[in-house]
Amino acid sequence: EAAPDAELVAWLRNGKPPVFFGFGSMPVTNPSDMLMTVEAAARKCGERAIVSAGWSRLDAAKDIADHVRIVGAIDHGWLFPQCSAAVHHGGAGTVFAATSAGLPSVVCSVMADQPFWGVRLERLGVGVHLPFKKLNATSLENALRRISEPAVRNAAATLGTNLRAESDATPQIVALIERLGEPVLKAA
């Protein structure tokens, strides 16, 4: 994950917090159409968009609107607190990062556990589930409008606060792994 460049930092500071768009390792078969969809939906909703290229060729786009920025690999822990919402594929890591940051989310699920996370966030009142196959400019605009509602924003902020208040389990996990590895080390 690359450190943000000065141009991106300036762009973030010179406007309202953007909506994060990222599909990670999910294949976007037509990157230019996807970028046009994101640009149109964000514009209609009065939002700025930061688009993570992921494994798609979105980073090759040349003519993009001023309200859109494309980034490569970037630290979500740094970026998400500067965003107003997130649109993503619903991988567990991204779901946790977005909810921990208090971001309402649109989960554009493709496969595996992604539909589960989309439905779960929707049931919690902190997001919208929009299967990727139903994603178009109109459905994305509608989903963005839904997660912009005060009730959804407030629920997402509360969930983020609660998640951040949980104690960090990392030391306990490391200790458990070390204890489980002791018999192997003694045998060697």
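**Exercise 1.** In this predicted model, find how many bridges join strand β1 to β4, and in which sense the two strands run.

*Solution.* Start with β1, residues 19-22. Four bridges join β1 to β4. The two strands run parallel. For one such pair, take G22: its bridge partner in β4 is H88.

**Exercise 2.** Follow the chain from β4 to β5 and give the handedness of the crossover.

*Solution.* First, the pairing. β4 and β5 (residues 105-107) pair in the parallel sense, over three bridges. V87 stands opposite V106 in β5. Next, the connection. The chain leaves β4, passes through helix α4 (residues 92-100) and reaches β5. This β-α-β crossover is right-handed.

**Exercise 3.** Sort the residues of β4 by the way they point, and state whether they are buried or exposed.

*Solution.* Recall the rule: in a regular strand, side chains alternate between the two faces of the sheet. Now apply it to residues 85-88. A85 and V87 point one way. A86 and H88 point the other way. All are buried, that is, under 20% relative accessible area.

**Exercise 4.** Give the strand order of the sheet, then explain why one side of β3 and of β6 lacks a neighbour.

*Solution.* Six strands form an open sheet, ordered β3-β2-β1-β4-β5-β6, with parallel pairing. β3 (68-71) and β6 (127-129) stand at the edges. Each has a single partner strand, so one side of each has no neighbour in the sheet. From one strand to the next, the twist averages 15°.

**Exercise 5.** Place helices α1 and α6 against the strands.

*Solution.* Helix α1 (residues 6-13) packs on the sheet and touches β2 (49-52) and β3. Its direction makes about 145° with that of β3. Helix α6 (residues 137-147) lies across β1, β4, β5 and β6. Helix α6 runs at about 155° to β6.

Key
Residues are numbered from 1 along each chain as its sequence is written. This is a predicted model: local features need pLDDT of at least 70, side-chain atom pairs count only at pLDDT 80 or more; totals for chains, interfaces and linings use all residues. Side-chain values use heavy atoms; hydrogens and water are left out. Buried means under 20% relative accessible area, exposed over 50%, partly exposed in between (1.4 Å probe, protein chains only). Two strands pair if DSSP finds at least two bridges between them. A crossover is right-handed if, with the strands pointing away from the viewer, the path from the first strand over the helix to the second runs clockwise. Axes are lines fitted to C-alpha atoms, for helices over the stretch in contact, and angles run from 0 to 180 degrees between N-to-C directions. Contact means heavy atoms within 4.5 Å.
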